[in-house]
Amino acid sequence: MKVVLFCGGYGMRMRSGSSDDVPKPMAMVGPRPLIWHVMRYYAHFGHREFVLCLGYGAHHIKDFFLNYEETTSNDFVLRGGRTELLSTDISDWTITFAQTGIESPIGERLRRVRHHLDGDEMFLANYADVLTDAPLPEMIDNFARRDAGASMMVVPPQSSFHCVDLGEDGLVGGITAVSELPLWENGGYFVLRQEVFDHIPENGDLVADGCAQLAKRGRLVAHQHRGFWKPTDTVKERAALDAAYARGDRPWAVWERDGAGVGA
């Protein structure tokens, strides 16, 4: 199944200065950028055809894959001055690099790569900067059995803030952590049918337009995930993931959990 990744945004909260033009999916977590971790997740489950919706800083993403160094995350033997890889990351990946505009919203980026999907009934989509250990096969199978146009993974609210229940007299009736409220938020992992294109107008948004219209028609389903899920919108969040990687705490690396090693 093809995987569409949205990786053309500015990522302003991730940037360290005006001269920093590296797009957010190229922020490093361990020895590899975020986009690699996301793609490695999909590849682990057998989905190795990728369509990258490029925009801001596209040359960084292109250069990374055009000059990909397998020895960074794979064991190898150096024999007679020649490198013999013991495993490989991307040799069986197919990656389409599509320039989808600098200012395009996500829905428009998806519209612009529709012809790369070859009319496939179902395909996957993601923001390229969110890591999870969600059971992808289960997510896909559940959606495939449903008569719906899209499936959205949803997760409990991640905010550390608290909501305050106020009475008319200004007295506080209760305080509740946002994470404890009966709410769910968009987790960024989508399983889609071609039907979604019927509801995304020119320069429209995938969620606010496409998914919202499908929801009104009873055509959007949610996959609830309470396991590991981490967005990477800020420098602090990236640093936390990088530190977790360094100490071996990386639940999103499902390919390691199966005993295959990082390069399998």
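A salt bridge is a side-chain nitrogen of Lys or Arg within 4 Å of a carboxyl oxygen of Asp or Glu. By that definition, E49 and K2 form a salt bridge, with their closest N and O atoms 3.9 Å apart. E49 belongs to strand β4 and K2 to strand β1, so this pair ties together parts that are 47 residues apart in sequence. The model described here is predicted.

**Salt bridges**

The structure holds 16 salt bridges. Three of them are set out below.

| Pair | Closest N to O distance | Relative accessibility |
|---|---|---|
| E49 and K2 | 3.9 Å | E49 38%, K2 10% |
| R219 and D147 | 2.8 Å | R219 18%, D147 63% |
| E256 and R250 | 2.9 Å | E256 23%, R250 21% |

Buried means under 20% relative accessible area and exposed means over 50%, with partly exposed in between. K2, at 10%, therefore counts as buried, while E49, at 38%, counts as partly exposed. In the second pair, R219 is buried and D147 is exposed. In the third, E256 is partly exposed, and R250 is partly exposed as well. Salt bridges with shared partners join K2, E49, D118 and D120 into one network.

The side chains of R219 and D147 meet in a salt bridge. R219 sits in the loop between α5 (206–216) and β14 (220–224), and D147 in the loop between α4 (136–144) and β10 (150–155), so the pair ties together parts 72 residues apart in sequence.

**The sheet and its helices**

Strands β4 and β1, which hold E49 and K2, are also members of an open sheet of seven strands. The strand order is β7-β4-β1-β8-β13-β10-β14, and the pairing is mixed. β7 and β14 stand at the edges with a single partner strand each, so one side of each has no neighbour in the sheet. From one strand to the next, the twist averages 25 degrees.

β4 and β7 run parallel and are joined by six bridges. L54 has Q99 in β7 as its bridge partner.

Helix α4 packs on the sheet, where it touches β8 (122–126), β10, β13 (185–193) and β14. The direction of α4 makes about 55 degrees with that of β13. Helix α5 lies across β1, β10, β13 and β14 and runs at about 70 degrees to β13.

**Helix α2**

Helix α2 spans residues 58–66, and its buried residues are A58, I61, F64 and F65. These residues cover an arc of only 130 degrees around the axis, which puts them on the same side of α2. An α-helix has 3.6 residues a turn, so residues three or four places apart point the same way. The elements that cover the buried residues of α2 include β1 (2–7), β3 (32–33), α1 (34–44), β4 (49–54) and β7 (94–99).

**Nonpolar cores**

In soluble globular proteins, nonpolar side chains tend to be buried together. The largest nonpolar core in this model has 48 residues. L5, I35, Y42, L52, F65 and W252 touch the most other members of that core. Helix α1 supplies its largest share, eight residues.

Which residues does Y42 contact, leaving aside its neighbours within four places in sequence? They are V3, L5, H47, F50, L124, A125, N126, L136 and Y189.

Apart from the largest core lies another core, of 22 residues. Its members include C53, F123, Y127 and V154.

Definitions and conventions. Residues numbered from 1 in each chain as written. Predicted model: local features only at pLDDT ≥ 70, side-chain atom pairs only at ≥ 80, totals over all residues. Heavy atoms only, no water. Buried < 20%, exposed > 50% of the residue type's maximum accessible area, 1.4 Å probe, protein only. Helix = DSSP H or I, 4+ residues; strand = E, 2+ residues; numbered from the N terminus. Arc of directions from axis to C-beta. Contact = heavy atoms within 4.5 Å. Core = buried A, V, L, I, M, F, W, Y, C linked by side-chain atoms within 4.5 Å. Pairing = 2+ DSSP bridges. Axes fitted to C-alpha atoms, helices over the stretch in contact; angles between N-to-C directions.
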